[in-house]
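Visitor: I'd like a close look at one part of this model, a spot where the backbone does something a bit unusual. Could you walk me through it and then show me how the rest of the chain looks around it?

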Amino acid sequence: MDKVKISVRRLVEFILRSGDIDSGAQSLRDPSVMQEGTAIHKKIQKEGGASYRPEVSMKMDFQMDENLTITLEGRADGIIEDMHIPVGEGDSGYFYTIDEIKGTYASLRRMDEPSPVHMGQALCYAYMYAKSENLPKIGVQVTYVHMESGKIRRFTQERTIDQLQTWIESVLEKYALWVRWALDWKKQRNISIGKQNFPFEYRPGQKRLIAGVYQTIVQGKKLFIQAPTGTGKTISTLFPAIKAMGEGKSDKIFYLTAKTITRTVAEDTFRLLGKRGLEFKYITLTAKEKCCVLEEPRCNPADCPRARGHFDRVNAAVFDMINAEPSMSREVVEAYAQEYMVCPFEMQLDAAVWLDGVVCDYNYVFDPYVYLKRFFSDTKENYILLIDEAHNLVERARDMFSADLKISQFKALRSIVKQEFPKLWARLGKCIKFMSTVALDCPDCARTNSSGGFTLYLMRMMSEMELILKNNEDKSATRLALKERILEFYLEARRFVNTYDSMDEERYIEYGKPLPDGDFMLKIFCVDPSKDLSLRLDLGLSAVFFSATLLPVQYYKSLLSVSAVTDYDMYADSPFKEENRLLMAATDVSSRYTRRNQEEYEKISDYIRDISRARNGNYLIFFPSYVYMENVFEVFSSRELSKAGHGFEVHVQENSMSEEARQEFLDVFKAKTHSTVLGFCVLGGIFSEGIDLKEDRLIGAIIVGTGLPQVGDERELLREFYDRKCGMGFEYAYLYPGMNKVLQAGGRVIRTEKDRGIIALLDERFNYRQYRGLFPREWSGCVKVCRDTVVETVNAFWEKEIDGKKV
């Protein structure tokens, strides 16, 4: 007998939902509004007096057939006991009514009937209570309370137990169709998982890595893995996670990434296992902006034909797709969405509920404004989170949990609303005046404690915005256009208010900053995101953080998890032969700001020439900034490219390159080239991590500088914060993030066992103990060079024999 639990609310929202997508209404749903709703519930319940029993928990099993039982559970808002004259045997003298309370901003007088979902909740509780108390009939009531005025409208009806039974059996049977499919698929999937063997020969240390991931999942812990290129970190994390799922230890795997390229690697791994008999359904989530059929997302029935009646059609579309498809890429989702005329973005989120794996960006789990509430709300679930390229999560998380507002945003909106919305115009003016006063106290970037007072003005402004946005009676084109702008800024303001509610001095900094264009910004900056991330991590079973550059691991553990002391960590050794790589650090150049001059640019140019002339092939040269890159390129062009027959083909990274331009840049780096191709790039940019130029598509990486972030106001605030906290301000603000960029860039060279190549570190600081201490184990054989010895060192590397053969 299979047993499945579902809440009353989830059941009716899934089976009975209907109508349009309307992002305007959805965007106004907010924790503060939910708190208002809770207060309204308590008010109505209290006014009911002694005959009103509030918050009554109920639970009932429904045996659908000999193989399936569905347990329905929830809490009714209220049960009303009305005394009356008994009319027959078994009549207790009381008539009971189930009350379902809903707060709303919609016009009560325009309501003809209750929402099917709201009435559905009341009907479920009515049946469960009537059945358990052996009542022949019961009252069913939906109470709507207007959130602004407090006015009430009730819809009440009477149902017999037979009517309720027929209704609830119909709803449950529709749900059982999905449940039976899911249970049958799960059995089929688990049989296929049980037959799976690791698809490759184990590389050195890989068995230990896989065992570590599996044990972490079994124990419900978190694991941080430093896994150099070649350790097979994707298969080494996915394979044990899938095995644990097959043994019933997990219900779903989330593979989280920061970039599209790493999503592709995860998809390739699933496809590989699929060819070996694994039956595993997964979906890759695509951002709304990329999959929307409109030029820009306008999720309302007036602008998008797919939004009209979306919920009437989406369940059929999802059921069709998950039945037919083993994997659901963007293209697959878009095809089914086109066939059923539904929103592809919303459809993919619905489908993810029923699937085994979800490949998606970090945002869908961690961002407080984007995360998948259907998975990560309040209840702990058996989810495995595999977090790829986890070094990226530190800065991404800081962005997710920070918020800022600028005076110019208020002025821009105020300039267009005065005629139509004078009250909002006035409240925007109050916000501008407050921020202008704060700006006088911050002639330079400075910490401030102004957000508490500022949020009071913001909430008054937002209250006026809510009244405007909830008024659906005025459909004029002018007002609709203004409401779009108001909604956009409302969401920004709400983010700021919510961030203020979350902040504390142990993890956040609040500062004001004049901007170069005369604007002023007030920002709440999340310095330490560990607690915010852990709120979501703790809702899953286990999390595995992995990256080729997760050093020092204690730094990442402290910023990504509040349980760093008890979290596990592992170091996976590189399987590649050290003699296949030449690592050298220059002693006579530096990218320090005090050394950025013509003479230094010429030295760098000489190093690039001497290293790349030793052997024809493809090289990437990484610079600390676009300006530095342009300065060196200018010198290199005048000294080398101006010579006849110079033998170099040079390509330069441009700022804000499109995906097509990026691919064109990479396509230049062909295998078995007989020329010398140089790619001038920016360290920490799009070509310094995530690209995979295997074998002789790349034979050298020349890294100019230590990658330290540019000194700036926010970096200095970070440094001051961690100096006070642990005496490691420079390390946390500059050294660790900078060296991560260096390690990522160096990791582009050796991608397979057949690769040979050079990593040249052009900065004397790479010879200092503080920097060498952050080198990974496989960088132990670093050779010191200068301009007088670099040619000899490089030539010796290319001429030496490997396994008795001259390469």
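Guide: E55 is partly exposed, since its relative accessible area comes to 32%, and buried would need a value under 20%. Keep in mind that this is a predicted model. What makes E55 worth a look is its backbone: phi sits near 50°, a positive value in a residue that isn't glycine. The residue belongs to strand 2, which covers residues 52-65.

E695 makes a good companion case. Its phi is also positive, near 50°, and again the residue is something other than glycine. This one is found in a loop, between strand 22 (676-682) and strand 23 (700-704). With 38% relative accessibility, E695 counts as partly exposed.

While we're on the backbone, there's a cis peptide bond to check: it joins L551 and P552, with omega at about -10°. P552 lies in the loop that runs from strand 17 (542-547) to helix 20 (553-560).

Now let's step back to the whole chain. Its secondary structure adds up to 27 helices and 27 strands. Along the principal axes, the C-alpha atoms fill a box of roughly 110 × 70 × 50 Å. The radius of gyration is 31 Å, which agrees with the value near 28 Å for a compact globule of 807 residues. As for contacts with a separation of 6 or more, 77% of them are between residues 24 or more positions apart.

On burial, 54% of the 807 residues count as buried. The chain exposes about 36600 Å², and carbon and sulfur atoms supply 49% of that area. The charged side chains number 111 positive and 116 negative, and the centres of the two sets are 1 Å apart.

Inside, nonpolar side chains in soluble globular proteins tend to be buried together. Here the largest nonpolar core has 195 residues, and the members that touch the most others are F254, I387, F410 and M461. Helix 5 (residues 161-194) gives the most to this core, 13 residues. If you zoom in on F254 and skip anything up to four places away in sequence, the residues it touches include V358, C360, V365 and L372. Aromatic rings are on the list too, among them F375, F376 and Y383, and so is the run I384, L385 and L386.

Methods
Residues numbered from 1 in each chain as written. Predicted model: local features only at pLDDT ≥ 70, side-chain atom pairs only at ≥ 80, totals over all residues. Heavy atoms only, no water. Helix = DSSP H or I, 4+ residues; strand = E, 2+ residues; numbered from the N terminus. Rg over C-alpha atoms; globule rule 2.2 N^0.38 Å. Buried < 20%, exposed > 50% of the residue type's maximum accessible area, 1.4 Å probe, protein only. Contact = heavy atoms within 4.5 Å. Areas by Shrake-Rupley, 256 points an atom, 1.4 Å probe, with all protein chains shown as cover. Lys, Arg positive; Asp, Glu negative; His and termini not counted. Charge placed at Lys NZ, Arg CZ, Asp CG, Glu CD. Core = buried A, V, L, I, M, F, W, Y, C linked by side-chain atoms within 4.5 Å.
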